[in-house]
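This briefing is meant for a reader who is meeting the structure for the first time. Please keep the sequence and the 3D view at hand while going through the points below, which are grouped by topic.

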Amino acid sequence: MSEATPVPDAKPWNDPSAVPFLQINNVTKKFGSFTAVNNVSLDVYKGEIFCLLGGSGCGKSTLLRMLSGFEDLSSGQIIIDGQDQAGIAPYDRPTNMMFQSYALFPHMSVEKNIAYGLKRDGLPKAEIATRVTEMLSLVQMDDFATRKPHQLSGGQRQRVALARSLVKKPKLLMLDEPLGALDKKLREETQFELINIQESLGVTFVVVTHDQEEAMTLSSRIGVMTAGQIVQVGTPREIYEFPQNRFVADFIGSVNIFEGRITEDGEDHVMVRSPDAGGDIYVPHGISGVIGQKVAVAVRPEKVQISKGDLGDLRNKLSGTIDEIAYLGNSSVYQVRLDSGKMLRVSQSNQARSEESALTYKDRVNLGWAGSAGIVVTS
Amino acid sequence: MKRKSRFLMIVGILGFVFLYAPILSLVIFSFNESRLVTVWGGFSTKWYGELFRDPQILDAAWVSLRIALASATLSVVIGTVASFVLIRFRRFRSKTLLSMMITAPLVMPEVIIGLSLLLMFVAMENVIGWPGGRGLLTIIIAHSTFGAAYSAVIIQSRLVDMDLSIEEAALDLGARPVRVFFDVTLPVIAPALMSGWLLAFTLSLDDLVVASFVSGPGASTLPMVIFSKVRLGVSPDVNALATIIIGLVSLGIIVAALQINRSKRMSRR
C-alpha cells in the first residue's frame with residue numbers, strides 16, 4: 001500500500017471510541033413485495049460529508065427520505081445525535097433537506113423562502129431578519145432577496161434552496177442530488193462552495209448522488225449502494241483504489257477486468273493466470289486465496305502504460321493493436337485489442353501539445369502496468 | 001403550400017363567422033332605435049336605459065347574481081375536496097368509479113339533472129322537511145352539483161402538476177400539515193381555484209334548464225325571465241340585456257383563461 005495510514009483524529013471512522021452522530025441500524029424498507037432498502041447499517045460522524053452513491057433505483061433516495069421522516073421504516077432503527085427517530089414527524093426532526101427539484105415555494109420571494117423555517121419556529125422578527133441576511137450573504141444572493149423563484153436561474157435557485165435548508169442550523173443536512181441540474185462549470189464551482197460552507201458551519205451532510213465525480217469531490221466518505229444495499233463504505237481514495245468487489249470497481253470510474261485463476265500464492269503476492277491477458281498477472285498484496293480459485297484482476301485504464309517502444313521495467317507486460325482512439329482534450333482513451341482478443345481500455349494524459357497523436361489506429365503497441373496497479377476483486 | 005394556407009384561412013374565417021355572426025347581430029341590434037327587432041332604425045342606447053328601469057329584470061339579475069356567487073363558492077369547496085381525494089390518496093377501491101362519477105354531470109343532459117334534483121328535493125322535503133319548498137337554496141344546491149364537477153376537473157389538473165416536494169419542504173422546515181395546506185398548497189393551487197370559481201360562476205349565471213326545474217315562486221333567475229319574455233315576442237330590451245350578459249361572461253372567461261395561462265407559465269419555469 002503506497003498510501004500513508006490515515007491520521008486517526010481527522011478520521012473518526014477509524015477511531016473505535018468515536019460515537020457516530022447518525023446511526024442507521026439494520027434499516028429495511030419494503031414497498032409491497034419490493035425491497036427498496038435492504039438491511040442497511042451505516043455510521044456517519046459529526047462534521048462529515050457522507051455521500052450515498054448509486055444508480056437510479058438503488059434505494060439511496062428512499063434511505064434519505066427515511067432519514068428525514070417522509071417514509072416509515074419497515075424495520076430497523078435510525079438514531080440521530082443519540083435520539084431514536086422512530087415516530088418523530090418530519091416537522092419535529094433535527095434535520096433539514098435540500099430537495100432535488102429545490103422545491104422552492106413559488107409564491108414567496110427568496111427572502112420569505114429562507115425565513116419560512118425560522119417563522120415556524122416562532123423566532124422573533126429581528127432575529128429572523130439577521131439570520132436571513134446572514135444566509136443570503138453566505139450563498140451570495142444578497143441582491144436577489146426580493147425576487148421570486150421563477151425569476152432566478154438554476155444556479156441561483158440551488159443557492160436559495162441551500163440557504164433555506166441551512167438557515168435553521170440543522171444537526172443533519174440532507175442533500176438530494178444537489179448539483180444535478182447545474183451545468184458542468186457551475187457544478188464544479190458549487191462543489192467547492194458547498195465544502196467551504198460545510199466547513200464553516202460544521203453541519204453534518206448526507207448527500208445522495210448518482211454522479212461519481214460529485215461524490216469524489218464532495219465527500220469525506222462514500223457509501224456505494226446497489227439493489228438496496230450498501231456494498232462498500234470508504235474514503236473516495238479507498239473506493240477508487242481498493243474496490244472490494246467487481247461492482248464497485250466497475251461503477252466508480254472505468255476498469256479493465258481480467259478473469260483468471262490463482263496459480264501461485266506467494267508471501268507478498270499472488271499470480272493469476274488469465275486467458276484474457278494471455279499469461280500470468282502479478283498482484284502484490286496477497287489475498288487469502290487458494291490455488292485454483294477463480295478471481296478477477298481489476299486494472300484502471302490510467303494505470304496502464306502504452307508505447308510503441310520499450311516500456312522498461314514493469315511487472316506486467318502485454319501487447320496489442322490500437323483499435324480505437326477517443327481524444328478528450330486533456331487525455332486520450334485507447335481501445336487496444338490484445339493478442340488474446342480482449343479489448344483493453346487505456347487512458348493517457350496528453351502532456352505535450354501536438355497536432356498529431358504519436359499513436360494511431362492499427363499501431364502495434366506495448367502495454368504494461370506496475371505490479372501494485374492491479375487489484376484482485378472477487379467476481 | 002401557399003394555396004393550402006389560404007384555403008385554411010378561408011375555412012377558419014367561415015368557422016368564426018358561423019359561430020359569432022348571430023352574437024354580433026344581436027349586439028348590433030341592441031343599439032337599434034326601432035321597436036321592431038329586425039328593422040334597423042338608427043343608433044340608440046335607449047333600450048339599455050329601459051332595461052335598468054324594469055324592476056322584474058333587476059330583481060331577476062340580483063337573484064341570479066346571488067345564486068351564482070353562492071354556488072360558485074360551494075362548487076370550489078366541493079371541487080377542491082374531491083380533487084384532493086382523487087389525486088392525493090393512494091389508490092383505493094372504486095377510485096376510478098369515483099373519478100368518473102365526479103365528471104358525469106359534464107356530459108349528463110341538463111334536463112335529467114334538473115328532473116332528478118327536483119324529485120330528490122321533493123322527496124327530501126317529505127321525509128326530513130328540508131329544504132322547505134323550492135327557491136333560492138335549491139337552485140344554489142343544483143348549480144353546485146355541476147359547478148363542482150367543472151371546478152374539480154380544473155383543480156385536479158393543477159394538483160397533478162403540483163410538485164409534492166414543495167409540501168414536503170414545508171413539512172421539513174417545521175410546518176404542521178394544516179399549516180402546510182394554508183401556507184403552501186392553497187397559494188400554489190389558487191389560480192386553479194380562481195378559474196374554477198369563475199367557470200362555475202358563469203355556468204350558474206347561464207343556466208336556464210336546471211334552474212327552471214328546481215326553482216320556486218319568487219326565485220326567478222335572469223335566464224328564466226328572459227326566456228319567458230321572449231316567448232311573448234322578442235323585445236329590443238332583451239337584446240340589450242343579452243349584450244350585457246355576453247360582455248360579463250366573456251370577461252369572466254378571459255380572466256379565467258389568463259389565470260390558467262399565467263400559472264402554467266410560472267410552474268413551467
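**A helix residue in chain B**

Val214(B) is found in helix α9 of chain B, which covers residues 209-214. The model is a predicted one, and the points that follow should be read with that in mind.

- Is Val214(B) buried or exposed? With 25 other C-beta atoms within 10 Å, Val214(B) is buried, because a residue counts as buried once 20 or more such atoms lie within that distance.
- Leaving aside residues up to four places away in sequence, Val214(B) touches Gly114(B), Leu117(B), Leu118(B), Phe121(B), Arg134(B), Thr138(B), Ile139(B) and Ala142(B).
- Met120(B) is 94 residues away from Val214(B) along the chain, and the C-alpha atoms of these two residues are separated by 10.0 Å.

**Two loops of chain B**

- Arg53(B) has its place in the loop between α2 (46-51) and α3 (55-88) of chain B, and with 9 other C-beta atoms within 10 Å this residue is exposed.
- From C-alpha to C-alpha, Arg53(B) and Gln259(B) are 36 Å apart in space, while in sequence they are 206 residues apart.
- Pro131(B) lies in the loop between α5 (110-127) and α6 (136-161) of chain B, and the peptide bond that leads to Pro131(B) from Trp130(B) is cis, with omega near -5°.
- As background to that bond, most peptide bonds are trans.

**Chain A as a whole**

- Chain A has eight helices and 20 strands, and its C-alpha trace spans about 75 × 50 × 40 Å along the principal axes.
- Of the 379 residues of chain A, 37% count as buried.
- Among the contacts in chain A with a separation of 6 or more, 63% are accounted for by residues 24 or more positions apart.

**A five-stranded sheet in chain A**

- An open sheet of five strands in chain A has the order β15-β19-β16-β17-β18, and the pairing is antiparallel.
- The edges are taken by β15 (305-307) and β18 (343-349) of chain A, each of which has a single partner strand, so one side of each is left without a neighbour in the sheet.
- On average, and with direction ignored, neighbouring strands of this sheet are turned by 40° against each other.
- At one of these edges, β15(A) is joined by three bridges to β19 (residues 364-369) of chain A, the two strands running antiparallel, and Gln305(A) stands opposite Gly368(A) in β19(A).

**Helix α3 of chain A**

- Helix α3 of chain A, made up of residues 125-138, has 14 residues and reaches 20 Å from its first C-alpha to its last, which is close to the 20 Å expected at 1.5 Å a residue.
- Which residues of α3(A) are buried? They are Ile128(A), Val132(A), Met135(A) and Leu136(A), and seen down the axis of α3(A) these buried residues fall within an arc of 100°, so they line one face of the helix.
- In general, an α-helix has 3.6 residues a turn, so residues three or four places apart point the same way.
- The buried residues of α3(A) pack against two elements of chain A, namely α2 (110-120) and α4 (154-166).
- On the other side of α3(A), Ala126(A), Glu127(A), Thr130(A) and Ser137(A) are exposed.
- After α3(A) comes Gln140(A), whose phi is positive, near 55°.

**Positive phi in two strands of chain A**

- Asn26(A), which is found in strand β1 (residues 22-31) of chain A, has a phi near 50°, a positive value in a residue other than glycine.
- Asn26(A) is exposed, with 12 other C-beta atoms within 10 Å.
- Asn39(A), which is found in strand β2 (residues 34-44) of chain A, has a phi near 50°, and with 14 C-beta neighbours inside 10 Å Asn39(A) counts as partly exposed.
- For context, most residues other than glycine have a negative phi.

**Where chain A touches chain B**

- In the contact between the two chains, 18 residues of chain A meet 16 residues of chain B.
- On the side of chain A that touches chain B, the elements that give two or more residues are β6 (95-98) and α2 of chain A, and the largest share, three residues, comes from α2(A).
- The residues on this side of chain A divide into nine nonpolar, six polar and three charged.

Definitions and conventions:
Residues are numbered from 1 along each chain as its sequence is written. Chains are lettered from A and ligands numbered from 1 in the order in which they are written. This is a predicted model: local features need pLDDT of at least 70, side-chain atom pairs count only at pLDDT 80 or more; totals for chains, interfaces and linings use all residues. Two strands pair if DSSP finds at least two bridges between them. Helices (H or I, at least four residues) and strands (E, at least two) are DSSP runs, numbered from the N terminus. Axes are lines fitted to C-alpha atoms, for helices over the stretch in contact, and angles run from 0 to 180 degrees between N-to-C directions. The expected span of a helix is 1.5 Å times one less than its number of residues. The arc is that of the directions from the helix axis to the C-beta atoms. Two residues are in contact if their C-beta atoms, placed from the backbone, lie within 7 Å. Ala, Val, Leu, Ile, Met, Phe, Trp, Tyr, Cys and Pro count as nonpolar, Asp, Glu, Lys and Arg as charged, and the others, Gly among them, as polar.
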